Structures are given as structure tokens and as C-alpha cells.
Amino acid sequence: NLLARDVRLLPVNMMRRRPPRELETRLVGQFATGELQVATAVFEARQFGAAVAQLQAGGSAGRVVVRW
């Protein structure tokens, strides 16, 4: 199942663990200035099959986004 492959089961204490505040502040600042970016591949809804194929092939270095 495509969706089940990307699921991680973590102990409850790991899900609630937050990064140090200074790290969070620095990362948000880096996103705001463009210094830090997340690779994304954007597909339109009609290209849903291509988006799934890219995920299944492991050809995505970042996030795959489907616009509805």
C-alpha cells in the first residue's frame, strides 16, 4: 500500500518532543530569507497518476504536492 509505506510508528513521547526553541527560530528565519528551501514537485490534479508514479519510483528528492 503506497500510503502505508511512508508511515512511521513512534512512541508517544517522541511525537510530543519539540526541537529546541533556538533551532526552531533559526529554521523559520532561514525559510523566511530563502536560505533554506524544501524541494517540491507540484502536479495538477489531472497529473495524479504521474505524481504517484514518481513517488513509487523513488524519484522525488523532496515533497510531492498535488493541487486540487
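Okay, let's start with Val-38, which is partly exposed, at 48% relative accessible area. You'll find Val-38 in the loop between α3, residues 21-33, and β1, residues 40-44. It has company there: Leu-27, Phe-31 and Val-38 form a nonpolar patch on the surface, and together they have about 260 Å² of accessible area. Before I go on, keep in mind that this is a predicted model.

Let me step back to the whole chain. We have four helices and two strands, and if you read along the sequence the pattern goes α-α-α-β-α-β. The chain has 68 residues, and 7% of them count as buried. The accessible surface comes to about 6,100 Å², with 56% of that belonging to carbon and sulfur atoms. On contacts: take those between residues at least 6 apart in sequence, and 21% of them join residues at least 24 apart.

So who is one of the residues that count as buried? Gln-30 is, at 18% relative accessibility, because the cut-off for buried is under 20%. Gln-30 sits in helix α3. Skip the neighbours within four places in sequence, and Gln-30 is in contact with Glu-35 and Leu-36.

Now the strands. How do β1 and β2 run? They're parallel, and five bridges join them. One pairing to look at is Ala-41, whose bridge partner in β2 is Val-64. Between the strands in the chain we have helix α4, residues 48-57, and β1, α4 and β2 together make a right-handed β-α-β unit.

Look at β1 from both sides. Ala-41 and Phe-43 are on its covered face, while Thr-40, Val-42 and Glu-44 are on the uncovered one.

Over on the other strand, Val-65 lies in β2, residues 63-67. Which residues does Val-65 touch, once we leave out its neighbours within four places in sequence? Those contacts are Ala-41, Val-42 and Phe-43. Take Phe-43: Val-65 is 22 residues from it in sequence, but C-alpha to C-alpha the two are 6.1 Å apart in space. Even so, Val-65 is partly exposed, with 34% relative accessible area.

Last topic, charges. Side chains of opposite charge can pair when their charged atoms come close. How many salt bridges turn up in a search of the whole structure? Two.

One of them is in α3. The side chains of Glu-24 and Arg-21 meet there at 3.2 Å, N to O. These residues are three apart in the helix, so about one helical turn separates them. As for exposure, Glu-24 counts as partly exposed at 23% relative accessibility, whereas Arg-21 is exposed, with a relative accessible area of 57%.

Then there's Glu-44 with Arg-67, where the closest N and O atoms are 3.6 Å apart. Why might we care where these two sit? Glu-44 lies in strand β1 and Arg-67 in strand β2, so the pair ties together parts that are 23 residues apart in sequence. Glu-44 counts as partly exposed, at 28% relative accessibility, and Arg-67 is partly exposed as well, at 48% relative accessible area. You've already met Glu-44, by the way, on the uncovered face of β1.

So, to pull the strand story together: β1 and β2 are joined by five bridges, and the salt bridge between Glu-44 and Arg-67 also links these two strands. That's me done, over to you.

Methods. Residues numbered from 1 in each chain as written. Predicted model: local features only at pLDDT ≥ 70, side-chain atom pairs only at ≥ 80, totals over all residues. Heavy atoms only, no water. Buried < 20%, exposed > 50% of the residue type's maximum accessible area, 1.4 Å probe, protein only. Contact = heavy atoms within 4.5 Å. Areas by Shrake-Rupley, 256 points an atom, 1.4 Å probe, with all protein chains shown as cover. Patch = residues over 30% accessible without salt bridge, like charges linked within 9 Å, V, L, I, M, F, W, Y side chains within 5 Å. Salt bridge = Lys/Arg side-chain N within 4 Å of Asp/Glu carboxyl O. Pairing = 2+ DSSP bridges. Right-handed = clockwise from strand over helix to strand, strands pointing away.
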